[in-house]
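Visitor: I'm new to reading protein structures, and I'd love to look closely at just one part. Could you pick a helix and walk me through it and its surroundings?

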Amino acid sequence: MITLYDCATAPSPRRARILLAEKGVAHDTVQVDLRTGEQLGEAYRAINPQCTVPALRAEDGLLLADNAAIAAYLEARYPEPPLMGRTPAEKAAVASWNWRVEFEGLLAIAEALRNGSPAMANRALPGPVNYAQIPELADRGRARAQQFFATLNDQLATHEFVAGSAFSIADITAVVAVDFARVVKVKPGDEHPHLLRWRERMALRPAMAL
Ligand SMILES: N[C@@H](CCC(=O)N[C@@H](CS)C(=O)NCC(=O)O)C(=O)O
């Protein structure tokens with residue numbers, strides 16, 4: 001059985017959780033407690049030296065240490081339903097939007113949270129190395145997250161899904177980013193009607209409740 005190393009309260013493993021559900025892949029789940037620093041302990045470090053979740057272990061022992069690897073692997077192994085585009089142009093659009101949602105959305109929110117929260121002092125970046133916070137990055141991160149909401153709203157004004165006309169991993173990443181933004185008090189509002197409509201449609205997919 002495939003094993004997902006997860007943390008129920010964290011955004012990055014939620015992406016893998018939703019992807020596994022959308023693909024209908026049965027798996028075991030192991031919770032890693034990020035609040036107590038379990039990801040930095042010896043046991044988990046031996047599983048994923050990057051000290052982050054998600055990680056996924058296949059039946060043959062292959063260890064996938066991040067969402068990029070997990071998505072590439074699951075798409076190749078379980079091609080239906082395709083979630084990374086069918087045609088060359090669709091594949092390119094999914095790759096582009098997934099990266100934009102990661103960089104302009106998830107990383108902006110993480111920048112705001114990790115540089116502003118006293119609980120994350122010295123943990124301004126995930127991973128085995130400690131980095132000090134830069135308090136100014138909290139405000140910049142929040143501004144970038146707000147700009148990301150505007151960008152997403154514009155895209156969804158003329159496209160049914162984030163990467164175009166088909167549901168894809170870019171929608172999964174975007175749902176996770178939009179929901180995660182609440183932790184830094186950035187929320188979609190009346191100025192984002194297309195984003196709000198898309199989020200309501202996404203809520204009809206059972207996997208999005210995970
Ligand atoms: N590139 C990774 C990023 C994963 C990541 O940043 N995970 C966070 C949880 S959302 C983590 O493991 N944090 C551990 C820490 O902060 O020490 C991916 O998307 O797979």
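Guide: Let's look at helix α1 and then step out to the chain around it. Keep in mind that this is a predicted model.

Helix α1 covers residues 11–23. Its 13 residues stretch 19 Å from the first C-alpha to the last, close to the 18 Å expected at 1.5 Å a residue. Just after α1 comes Gly24, which has a positive phi, near 70°.

Is α1 enclosed or open to the outside? Residues count as buried when their relative accessible area is under 20%. Eleven of the 13 residues in α1 are buried, so the helix is largely enclosed by the rest of the structure. Among the buried residues are Pro11 and Pro13, the run Arg14, Arg15, Ala16 and Arg17, and then Ile18, Leu19 and Leu20. Glu22 and Lys23 in α1 are buried too.

Now for the neighbours of the helix in the fold. Together with strands β1 and β2, α1 makes a right-handed β-α-β unit. Strand β1 spans residues 2–6 and strand β2 spans residues 27–31; they run parallel and are joined by five bridges. Within this pairing, Asp6 stands opposite Gln31 of β2.

From Gln31 we can jump to another place in the chain. Ser168 is 137 residues away from Gln31 along the chain, and their C-alpha atoms are separated by 26 Å. Ser168 sits in the loop between α5 (136–158) and α6 (169–180). With a relative accessibility of 1%, Ser168 counts as buried. Beyond its neighbours within four places in sequence, Ser168 is in contact with Leu83, Val94 and Ala163.

Finally, let's place the helix in the whole chain. There are seven helices and four strands, and they follow one another in the pattern β-α-β-α-β-β-α-α-α-α-α. The chain has a radius of gyration of 17 Å, close to the 17 Å that the globule rule gives for 210 residues, so it is as compact as a globular protein of that length. Its C-alpha trace spans about 50 × 45 × 30 Å along the principal axes. Of the 210 residues in the chain, 47% are buried. Among contacts in the chain with a separation of 6 or more, 63% are between residues 24 or more positions apart. The chain exposes about 10500 Å², with carbon and sulfur atoms supplying 58% of that area.

How values were computed:
Residues numbered from 1 in each chain as written. Predicted model: local features only at pLDDT ≥ 70, side-chain atom pairs only at ≥ 80, totals over all residues. Heavy atoms only, no water. Pairing = 2+ DSSP bridges. Helix = DSSP H or I, 4+ residues; strand = E, 2+ residues; numbered from the N terminus. Right-handed = clockwise from strand over helix to strand, strands pointing away. Buried < 20%, exposed > 50% of the residue type's maximum accessible area, 1.4 Å probe, protein only. Contact = heavy atoms within 4.5 Å. Rg over C-alpha atoms; globule rule 2.2 N^0.38 Å. Areas by Shrake-Rupley, 256 points an atom, 1.4 Å probe, with all protein chains shown as cover. Expected span 1.5 Å × (residues − 1).
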